[in-house]
Amino acid sequence: MQNGGWCYSMIPAIKKLYSDPEDQKAALKRHLEFYNTHPYVSAPVIGVTLALEEERANGAQVDDVAIQGVKVGMMGPLAGVGDPVFWFTLRPILGALGASLALSGNILGPILFFVLWNVIRVAFLWYTQEFGYKVGSSIAKDLSGGLMGKVTEGASILGMFIIGSLVERWVSISFTPVVSSVQQSAGAFIDWSSLSSGAEGIKEALTMYSSIGATALDEYKVTTLQSNLDSLIPGLAAVLLTLLCCKLLKKNVSPIAIILALFAVGIIGRVVGFM
């Protein structure tokens, strides 16, 4: 997925570290294996990998498995950190700040967004790459995995914490079966036939809706299975589905099979009127 870009970024270091063309070819093949994570959090992974490649070029016993293991061990947990931090937190905040200035006619709005975003982005890329390089040198001296285990464990905990907090936002399930349908008393809902015409009628409807709430739209108050679940524990179904997918993945069930199964369940549930 991202192996081409990753390999391209490693070419300058490979040329500098290995003078033998055969060693360069082997390094290119080594870095064309599967790799995929958030593009910004690739910086610390690159730093660690560069340090391992340097140690290997200097004669240390660092094999292909060790280098690939470090990449795979870091890319997964860090991917769960990059998306929420950059795409769902930092960028929207800076965008909202710039947009608020732009709406008032201030030209600093887009300029501020562009400058702040790129300063933060480039600074993160540079300093985390340097940090990864320094940590990578320590990892190369401790191939038993002690330090690497701590790094990947910390990244895993942070990544899973952020992903867990965003499950309800990312996973959407709605069970449509009707549990009850109760007729509301007069005044508890909007009697559309009695509203005034034109703008005055719209104003009356909005006023009643704001004072009563969503139940004001219809004469019958309908309670669905999903609304009952939300009243107990909001997002429970989404969390349970996420945990089920995680368990299936741990049992080596193919991600493609899980995706196809979710498609099938969603389509069948929609057809039979359950979802």
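**Group meeting talk: a leucine, a core, a pocket and a loop**

Hi everyone, let's start with leucine 116, which sits in helix H5, the stretch covering residues 108-141. Keep in mind throughout that this is a predicted model.

So, is leucine 116 buried or exposed? Neither label fits: its relative accessibility is 31%, and because buried means under 20% and exposed over 50%, leucine 116 counts as partly exposed. Which residues does leucine 116 touch, once we set aside those up to four places away in sequence? They are Leu94 and Leu97. For leucine 94, the separation along the chain is 22 residues, while the C-alpha atoms of the pair are 7.6 Å apart.

Next, the core. The largest nonpolar core in the model contains 17 residues, and Trp6, Val45, Leu52 and Met74 have the most contacts inside it. Which elements give two or more residues to this core? Those are helix H1 (3-17), helix H3 (42-57) and helix H4 (64-103). Of the contributors, H4 gives the most, with five residues. As general background, nonpolar side chains in soluble globular proteins tend to be buried together.

Let me stay with tryptophan 6 for a moment, since you may want to click on it. Ignoring neighbours within four places in sequence, tryptophan 6 is in contact with His31, Tyr35, Ser42, Val45, Ile46, Thr49 and Lys71. Val45 turns up here as a contact of tryptophan 6, and Val45 is also among the core residues with the most contacts.

Now for the pocket people. The second largest pocket holds about 380 Å³ of space. Its lining is made of 19 residues, and the ones nearest the centre are Ile173, Leu241, Leu262, Val265 and Met275. Helix H10 (236-250) and helix H11 (255-271) are the elements that each give two or more residues to that lining. H10 gives the most, with seven residues. What is the lining like by class? There are 17 nonpolar residues, two polar ones and no charged residues.

Last stop, on to the loop between H10 and H11, where we find asparagine 252. Its phi is near 65°, which is a positive value in a residue other than glycine. Why does asparagine 252 count as exposed? Because its relative accessibility is 71%, and the cut-off for exposed is over 50%.

To recap, we saw a partly exposed leucine 116, a nonpolar core to which H4 gives the most, a pocket lining without charged residues, and an asparagine 252 with positive phi. Thanks for listening, and I'm happy to take questions!

Key
Residues are numbered from 1 along each chain as its sequence is written. This is a predicted model: local features need pLDDT of at least 70, side-chain atom pairs count only at pLDDT 80 or more; totals for chains, interfaces and linings use all residues. Side-chain values use heavy atoms; hydrogens and water are left out. Helices (H or I, at least four residues) and strands (E, at least two) are DSSP runs, numbered from the N terminus. Buried means under 20% relative accessible area, exposed over 50%, partly exposed in between (1.4 Å probe, protein chains only). Contact means heavy atoms within 4.5 Å. On a 1 Å grid over the protein atoms alone, a cavity is a set of points where a 1.4 Å probe fits but cannot get out, and a pocket is an open set with protein on both sides within 12 Å along at least five of seven lines; lining residues have an atom within 4 Å of a point. Grid points are joined across faces, edges and corners, and a volume is the space filled by probe spheres set on the points. Ala, Val, Leu, Ile, Met, Phe, Trp, Tyr, Cys and Pro count as nonpolar, Asp, Glu, Lys and Arg as charged, and the others, Gly among them, as polar. A nonpolar core is a set of buried Ala, Val, Leu, Ile, Met, Phe, Trp, Tyr and Cys residues joined through side-chain atoms within 4.5 Å.
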